[in-house]
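Dear colleague,

I am passing this structure on to you, and below it you will find my notes on what turned up in it. Please read them with the structure open beside you.

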Amino acid sequence: MIGKNNPRLGWAVGLLLALVAVMWWLWPQENVEPPSPQQLYAQYAEAAPSQTLPTLNQQLLSAPNDPELLRAYGIALMENGRYEEAALSFDQLSAFPPFADEALWHHALLYLKQNQIAESISVLEQFPAKARRSQQAQELLQQLKSL
């Protein structure tokens with residue numbers, strides 16, 4: 001037996017087997033699929049506003065330059081599949097300097113929701129490093145590049 005003749009050899013073999021077992025457990029499995037674009041969208045998207053589209057539209061008529069309303073309206077449009085209108089809303093949002101980064105973020109998500117990976121990557125590559133969502137943008141960018 002290994003352990004009877006040389007106890008150190010027994011410990012070494014046991015340690016080696018334990019190390020192999022741990023490495024096998026930690027090693028990424030080949031059959032792990034990357035998340036789909038829709039799964040990534042669900043992971044990074046904000047919840048849709050609680051107001052309905054008609055309510056948000058009515059509020060925008062009385063306050064057309066409210067960036068928070070534009071943002072909420074764009075998200076609601078995107079969630080309802082009205083992508084061109086959502087893009088216009090995010091374009092308007094980008095005219096407000098403090099919200100320009102938010103507009104970029106939502107444009108990237110808009111492309112992602114439509115399964116337009118290359119366009120989403122292109123927008124995320126423009127994302128400013130000091131923006132509020134820069135860490136999320138970098139994470140999403142890396143995930144999209146691995147698809």
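A residue is called buried here when its relative accessible area is under 20%. Please keep in mind throughout that this is a predicted model.

With that cut-off in hand, helix α7 is a good place to begin. Ten of its 14 residues are buried, so α7 is largely enclosed by the rest of the structure. The buried residues are Glu102, Ala103, Trp105, His106, His107, Ala108, Leu109, Leu110, Leu112 and Lys113. As for what surrounds them, the buried residues of α7 pack against α3 (37–44), α5 (67–79), α6 (83–93), α8 (117–125) and α9 (134–145). The length of the helix can also be checked: at 1.5 Å a residue, the 14 residues of α7, running from 100 to 113, should span 20 Å, and the C-alpha atoms at its ends are indeed 20 Å apart, which agrees. Just after α7, Asn115 adopts a positive phi of about 65°.

One of the partners of α7 deserves a closer look. The axes of α3 and α7 come within 9 Å and cross at roughly 145°, and this crossing is left-handed. On the α3 side the contact is made by Pro37, Gln38, Leu40, Tyr41 and Tyr44, while α7 contributes Trp105, Leu109, Leu112 and Lys113.

Two of those residues bring us to the aromatic rings, for the structure holds two aromatic pairs. In one of them, the rings of Tyr44 and Trp105 have their centres 6.1 Å apart and their planes at 75°, so the pair is edge-to-face, given that planes over 60 degrees apart are counted that way. Because Tyr44 lies in helix α3 and Trp105 in helix α7, this pair ties together parts that are 61 residues apart in sequence. Tyr44 has a relative accessible area of 6% and is therefore buried, and Trp105, at 0% relative accessibility, counts as buried too.

In the other pair, the rings of Trp105 and Phe127 have their centres 6.3 Å apart and their planes at 70°, so this pair is also edge-to-face. Here Trp105 lies in helix α7 and Phe127 in the loop between α8 and α9, so the parts tied together are 22 residues apart in sequence. Phe127 is buried, as is Trp105, and Tyr44, Trp105 and Phe127 together form one aromatic cluster.

Trp105 appears again in the nonpolar interior. The largest nonpolar core has 35 residues, and those with the most contacts inside it are Phe90, Trp105, Leu109, Leu112, Leu124, Leu140 and Leu144. At least two residues of this core are supplied by each of α3, α4 (53–62), α5, α6, α7, α8 and α9, and its largest share, eight residues, comes from α5. To take one of these core residues, Leu144 is in contact with Leu40, Leu112, Ile117, Ser120, Ile121 and Leu124, leaving aside its neighbours within four places in sequence.

Finally, a charged residue may be worth a look. Which residues does Arg71 touch, not counting those up to four places away in sequence? They are Glu46, Phe90, Leu93, Glu102 and His106. Arg71 itself is placed in helix α5, and its relative accessible area is 15%, so it is buried under the cut-off given above.

With best wishes

Definitions and conventions:
Residues are numbered from 1 along each chain as its sequence is written. This is a predicted model: local features need pLDDT of at least 70, side-chain atom pairs count only at pLDDT 80 or more; totals for chains, interfaces and linings use all residues. Side-chain values use heavy atoms; hydrogens and water are left out. Helices (H or I, at least four residues) and strands (E, at least two) are DSSP runs, numbered from the N terminus. The expected span of a helix is 1.5 Å times one less than its number of residues. Buried means under 20% relative accessible area, exposed over 50%, partly exposed in between (1.4 Å probe, protein chains only). Contact means heavy atoms within 4.5 Å. Rings of Phe, Tyr and Trp (its six-membered ring) pair if their centres lie within 6.5 Å; planes under 30 degrees apart count as stacked, over 60 as edge-to-face and the rest as tilted. A nonpolar core is a set of buried Ala, Val, Leu, Ile, Met, Phe, Trp, Tyr and Cys residues joined through side-chain atoms within 4.5 Å. Axes are lines fitted to C-alpha atoms, for helices over the stretch in contact, and angles run from 0 to 180 degrees between N-to-C directions. A crossing is left-handed if the near helix is turned anticlockwise from the far one by less than a right angle, and right-handed if clockwise.
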